[in-house]
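Work through the exercises below with the model open. Try each task before you read its solution.

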Amino acid sequence: TTSGPRARPGVAALTRALPQATVDGVAAGLHLLLRLPPGADEDAVVARLAERRIRVNGLNTYRLRPRADEPALVIGYGRLPEPAIPGVVTALAEALE
(Lines give C-alpha, C1' and ligand atoms only; values in the text may rest on other atoms or scores of the structure.)
Protein backbone atom coordinates (compact mmCIF):
# COMPACT_ATOMS: atom_id res chain seq x y z
CA THR A 1 0.00 0.00 0.00
CA THR A 2 1.39 3.38 -0.95
CA SER A 3 0.64 6.13 1.50
CA GLY A 4 1.41 9.78 1.94
CA PRO A 5 2.89 11.21 5.12
CA ARG A 6 -0.55 12.06 6.53
CA ALA A 7 -1.76 8.46 6.28
CA ARG A 8 1.37 6.57 7.35
CA PRO A 9 0.77 6.49 11.13
CA GLY A 10 -2.82 5.28 10.72
CA VAL A 11 -1.95 2.67 8.11
CA ALA A 12 0.88 1.32 10.27
CA ALA A 13 -1.40 1.15 13.34
CA LEU A 14 -4.20 -0.56 11.39
CA THR A 15 -1.81 -3.10 9.91
CA ARG A 16 -0.44 -4.00 13.36
CA ALA A 17 -3.82 -4.14 15.14
CA LEU A 18 -5.85 -5.76 12.36
CA PRO A 19 -3.61 -8.19 10.48
CA GLN A 20 -6.70 -9.99 9.16
CA ALA A 21 -7.85 -6.80 7.37
CA THR A 22 -6.37 -5.10 4.30
CA VAL A 23 -5.79 -1.38 3.80
CA ASP A 24 -6.32 -0.08 0.24
CA GLY A 25 -6.82 3.18 -1.57
CA VAL A 26 -4.63 5.40 0.60
CA ALA A 27 -2.89 7.01 -2.37
CA ALA A 28 -6.25 8.25 -3.67
CA GLY A 29 -6.67 11.02 -1.10
CA LEU A 30 -7.81 11.56 2.46
CA HIS A 31 -9.77 8.33 2.80
CA LEU A 32 -8.73 4.72 2.94
CA LEU A 33 -10.56 1.50 2.35
CA LEU A 34 -10.30 -1.06 5.13
CA ARG A 35 -11.26 -4.45 3.74
CA LEU A 36 -12.65 -6.45 6.63
CA PRO A 37 -12.06 -10.15 7.15
CA PRO A 38 -14.48 -12.52 5.42
CA GLY A 39 -17.63 -13.00 7.46
CA ALA A 40 -17.39 -9.63 9.19
CA ASP A 41 -20.71 -7.80 9.48
CA GLU A 42 -20.03 -4.42 7.90
CA ASP A 43 -23.24 -2.81 9.20
CA ALA A 44 -22.64 -4.09 12.75
CA VAL A 45 -19.09 -2.72 12.77
CA VAL A 46 -20.32 0.69 11.56
CA ALA A 47 -23.01 0.68 14.28
CA ARG A 48 -20.56 -0.31 17.04
CA LEU A 49 -18.21 2.47 16.02
CA ALA A 50 -21.07 4.98 15.90
CA GLU A 51 -21.90 4.06 19.51
CA ARG A 52 -18.37 5.21 20.34
CA ARG A 53 -18.85 8.41 18.31
CA ILE A 54 -16.54 7.23 15.53
CA ARG A 55 -18.07 7.86 12.15
CA VAL A 56 -17.12 5.62 9.24
CA ASN A 57 -19.10 4.44 6.25
CA GLY A 58 -19.57 0.90 5.09
CA LEU A 59 -18.51 0.39 1.49
CA ASN A 60 -22.01 -0.94 0.73
CA THR A 61 -23.38 2.60 1.09
CA TYR A 62 -21.45 3.45 -2.10
CA ARG A 63 -22.35 0.35 -4.08
CA LEU A 64 -25.30 -0.01 -6.41
CA ARG A 65 -25.79 -3.56 -5.11
CA PRO A 66 -24.58 -4.30 -1.57
CA ARG A 67 -22.21 -7.27 -1.22
CA ALA A 68 -22.12 -9.03 2.12
CA ASP A 69 -19.22 -11.17 0.89
CA GLU A 70 -16.84 -8.18 0.59
CA PRO A 71 -17.22 -6.18 3.83
CA ALA A 72 -15.20 -2.98 3.98
CA LEU A 73 -15.14 0.42 5.64
CA VAL A 74 -14.41 3.80 4.07
CA ILE A 75 -12.41 5.74 6.65
CA GLY A 76 -11.58 9.43 6.37
CA TYR A 77 -8.32 10.42 8.03
CA GLY A 78 -7.88 14.00 6.85
CA ARG A 79 -9.20 15.56 10.06
CA LEU A 80 -8.04 12.87 12.48
CA PRO A 81 -5.34 14.22 14.81
CA GLU A 82 -2.37 11.87 15.02
CA PRO A 83 -2.67 11.45 18.84
CA ALA A 84 -6.23 10.09 18.32
CA ILE A 85 -5.10 7.27 16.00
CA PRO A 86 -4.34 4.62 18.66
CA GLY A 87 -7.78 5.02 20.26
CA VAL A 88 -9.58 4.83 16.93
CA VAL A 89 -7.61 1.75 15.88
CA THR A 90 -8.39 0.08 19.23
CA ALA A 91 -12.09 0.86 18.74
CA LEU A 92 -11.97 -0.64 15.23
CA ALA A 93 -10.36 -3.81 16.53
CA GLU A 94 -12.94 -4.09 19.30
CA ALA A 95 -15.81 -3.48 16.86
CA LEU A 96 -14.60 -6.47 14.85
CA GLU A 97 -14.60 -8.82 17.86
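**Exercise 1. The cavity**

Task: Find how much space lies in the largest cavity of this predicted model, and which residues are closest to its centre.

Solution:
- Step 1. Take the volume. The largest cavity holds about 140 Å³ of space.
- Step 2. Go to the centre. Twelve residues line this cavity, and the closest to its centre are Gly10, Leu32, Tyr77, Leu80 and Ile85.
- Step 3. Count the cavities. The structure holds one cavity of 30 Å³ or more.
- Step 4. Assign the lining to elements. Helix H1 (8-17) and H3 each supply at least two residues. H3 gives the most, with four residues.
- Step 5. Sort by class. The lining has ten nonpolar residues, one polar and one charged.

**Exercise 2. The largest pocket**

Task: State how much space lies in the largest pocket and which element gives the most to its lining.

Solution:
- Step 1. Take the volume. About 310 Å³ of space lies in the largest pocket.
- Step 2. Find the elements that give two or more residues to its lining. They are strand S4 (72-76) and helix H3 (85-95).
- Step 3. Pick the main contributor. S4 gives the most, with three residues.
- Step 4. List the lining. The residues include His31, Arg53, Arg55 and Asn57, along with Val74, Ile75, Gly76, Val88 and Leu92.
- Step 5. Sort by class. Seven lining residues are nonpolar, three are polar and two are charged.

**Exercise 3. The second largest pocket**

Task: List the residues that line the second largest pocket and sort them by class.

Solution:
- Step 1. Take the volume. The second largest pocket holds about 170 Å³ of space.
- Step 2. Read off the lining. Leu30 and His31 belong to it, with Gly76, Tyr77, Gly78, Arg79 and Leu80.
- Step 3. Sort by class. Three residues are nonpolar, three are polar and one is charged.
- Step 4. Look for overlap. His31, Gly76 and Leu80 line the second largest pocket, and His31, Gly76 and Leu80 also line the largest pocket.

**Exercise 4. The nonpolar core**

Task: Find which members of the largest nonpolar core touch the most other members, then trace the contacts of Leu14.

Solution:
- Step 1. Rank the members. The core has 25 residues, and Leu14, Leu32, Leu34, Leu49, Leu73 and Leu92 touch the most other members.
- Step 2. Map the core to elements. H1, strand S2 (31-35), helix H2 (42-51), S4 and H3 each give two or more residues. H3 gives the most, with six.
- Step 3. Trace Leu14. Leaving out residues up to four places away in sequence, Leu14 touches Val23, Leu32, Leu34, Val89 and Leu92.

Technical notes
Residues numbered from 1 in each chain as written. Predicted model: local features only at pLDDT ≥ 70, side-chain atom pairs only at ≥ 80, totals over all residues. Heavy atoms only, no water. 1 Å grid on protein atoms, 1.4 Å probe; cavity = no way out; pocket = protein on both sides within 12 Å on 5 of 7 lines; lining within 4 Å. Points joined across faces, edges and corners; volume = space filled by probe spheres on them. Nonpolar A, V, L, I, M, F, W, Y, C, P; charged D, E, K, R; others polar. Core = buried A, V, L, I, M, F, W, Y, C linked by side-chain atoms within 4.5 Å. Buried < 20%, exposed > 50% of the residue type's maximum accessible area, 1.4 Å probe, protein only. Contact = heavy atoms within 4.5 Å.
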